[in-house]
Amino acid sequence: ALEGAPAAVAAQTTAASAEPEGPPALPPAPAPSRPPLAPGETPPPMPLPWWECRTQTSGVDIQGGKVALINGATSGFLKGVYPLVANGRWVVYSILYAEQGDLDATIKVTYNGDVQTTVANDPSKGFPCNGNTCLNSIGRYIVEGTIEGGTVEYLFEFTATQSTRPSPDMGSRIWLGAGEAAFTGSTTEAPPIPDGARKTTKVQAISAMTGKPTMLGSKGSDGLDKKGYTFATEARLTVLWGAAVMWEGVMEKSLATVMLPVAPDGGYYTCVVTQAGQMSAYYKYCEVSKNDDKITLSSVPVMKPGEAKLVLTWGDKPKDLDIYVLSPHADPSQPECEVNWREKNCHSSTVTLDRDDTQGHGPETISLHHFNAGKYVVRIDEYKGNPGNSQMVGGHATVAYFSPHTGGIFNYAGTTGFVDGRVWYAIAIDGETREPSACTPAICPVRPQPRD
């Protein structure tokens with residue numbers, strides 16, 4: 001067996017709760033549309049649209065992406081089933097947000113029959129905690145567990161002591177936000193027989209917001225909260241070949257040393273990084289066992305409904321790429337604004353460049369704190385590149401779009417959008433639906449090449 005080979009992962013579980021009574025069950029909703037997996041491809045992380053895939057509810061409703069008790073109710077539940085794209089082991093999390101108001105309100109979280117925890121409506125804390133140091137002190141709670149199989153069967157049970165909310169807003173009591181499931185391998189898939197000498201690669205987990213390590217006890221940033229938050233866990237790395245686990249382990253001080261032979265058939269391993277408070281990082285073209293002795297893998301923090309982030313990463317070449325986002329104004333009569341390394345924010349900082357990278361590989365990160373109606377066009381420029389010989393496709397340039405309702409959507413140069421000279425027109429995002437689509441010349445008209 002390879003060093004660092006998979007070990008059993010224990011979910012945080014207790015006895016399952018009794019099934020609540022409610023209206024007749026609905027059939028589970030179809031999974032959101034995703035590109036089909038190619039043969040041998042590692043499944044990417046999947047969003048968990050709790051409300052859309054509900055089978056039974058009582059006493060709860062959704063407003064603005066927030067699921068909470070309806071006014072007048074002191075108890076309720078949301079039950080559902082989400083079909084995953086593959087059988088295997090999945091790391092599942094949900095995000096709960098405490099609010100000022102009924103401090104005795106709670107949400108009990110169950111995944112696949114296993115009770116994970118019950119979260120109280122305390123806006124001064126945040127879970128998970130490492131001793132007395134918690135993830136944050138703004139009432140954001142991450143409930144993570146590990147499941148085996150091909151579906152997420154979930155139950156959220158809500159209680160309150162006050163039947164009337166302090167305000168009409170759905171979020172004035174503890175509420176349920178987004179969720180995600182990250183594939184971390186299948187016990188039925190055997191890894192390929194190693195061929196050739198193993199290569200050592202040091203892998204570091206970093207924040208896509210700051211470029212700094214995400215080690216236990218260090219400070220993170222979401223680009224909004226000036227206090228930031230504290231990483232209450234270390235990151236965990238899983239290296240996969242398809243569904244087979246090649247290496248996995250906790251990244252002590254955000255670092256892991258991976259020894260693996262070169263990937264079969266000149267291919268690439270896939271790397272998945274999970275960490276409480278961060279959306280799952282997914283690298284389809286992971287540089288483990290390739291040319292570099294050290295690589296970095298970046299992740300973004302979880303977000304509230306209505307927010308999004310764009311992250312640009314790439315391989316050994318080219319030396320420097322830059323991300324540009326053309327953003328519509330709230331007033332359609334006003335001109336658009338393009339955020340980039342020169343123009344770091346637009347429209348009263350509703351769109352901001354969080355990180356510019358000039359040393360290669362990325363990440364370069366742009367936050368969309370608020371969407372206006374209209375179209376957001378994302379393009380990538382190869383700084384000082386040769387328009388007749390772009391290196392972005394060979395360098396596996398990747399634009400990842402992260403939002404609570406879509407999860408991570410990963411777009412690759414040469415696969416998504418089109419390349420014009422040294423510029424890759426990647427995706428366009430609808431400001432009303434916040435859904436991305438691949439650029440075409442009609443959707444994303446070619447603009448003047450950025451100046452060096």
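Buried means under 20% relative accessible area, exposed over 50%, and partly exposed in between. The model in these exercises is predicted.

**Exercise 1. Cysteine burial**

Classify C53 and C129 as buried, exposed or partly exposed.

Solution.
- Start with C53. Its relative accessibility is 0%. The cut-off for buried is under 20%. C53 therefore counts as buried.
- Turn to C129. Its relative accessibility is 37%. Partly exposed lies between the limits of 20% and 50%. C129 therefore counts as partly exposed.
- Now apply the terms to two bonded pairs. C439 and C444 are both buried. C271 and C286 are both buried as well.

**Exercise 2. Disulfide inventory**

State how many disulfides the structure holds and which pattern they follow.

Solution.
- The count is 4 disulfides.
- Number the bonded cysteines along the chain. The pattern reads 1-2, 3-4, 5-6, 7-8.
- Among the links is C129 to C134, with an S to S distance of 2.0 Å. The cut-off for a disulfide is 2.5 Å between the sulfur atoms.
- Another joins C439 to C444, with sulfur atoms 2.0 Å apart.
- C271 and C286 also form a disulfide, at 2.1 Å between sulfur atoms.

**Exercise 3. Handedness**

Assign left-handed or right-handed to the links C129–C134, C271–C286 and C439–C444.

Solution.
- Take C129 and C134. The angle about the S-S bond is 95°. This link is right-handed.
- Take C271 and C286. The S-S torsion is about -75°, so this disulfide is left-handed.
- Take C439 and C444. The S-S torsion is about -80°, so this disulfide is left-handed.

**Exercise 4. Sheet topology**

Work out the strand order of the open sheet that contains β16, and name its edge strands.

Solution.
- The open sheet has 4 strands, in the order β16-β15-β18-β19. The pairing is antiparallel. In general, strands of a sheet pair through backbone hydrogen bonds.
- Look for strands that pair on one side only. These are β16 (244-250) and β19 (281-286), the edge strands.
- From one strand to the next, the twist averages 15°.
- Zoom in on β15, residues 236-241. This strand pairs with β16 in the antiparallel sense over 6 bridges. One register point: V239 has W247 in β16 as its bridge partner.

**Exercise 5. A disulfide within the sheet**

Locate C271 and C286 by strand and give their separation along the chain.

Solution.
- Recall the bond: C271 and C286 form a disulfide.
- C271 sits in strand β18 (residues 269-274), and C286 in strand β19.
- The two cysteines are 15 residues apart, and the pair links distant parts of the chain.
- Place the strands in the sheet. The order β16-β15-β18-β19 puts β18 beside β19.

Note on methods
Residues are numbered from 1 along each chain as its sequence is written. This is a predicted model: local features need pLDDT of at least 70, side-chain atom pairs count only at pLDDT 80 or more; totals for chains, interfaces and linings use all residues. Side-chain values use heavy atoms; hydrogens and water are left out. Two strands pair if DSSP finds at least two bridges between them. Axes are lines fitted to C-alpha atoms, for helices over the stretch in contact, and angles run from 0 to 180 degrees between N-to-C directions. Buried means under 20% relative accessible area, exposed over 50%, partly exposed in between (1.4 Å probe, protein chains only).
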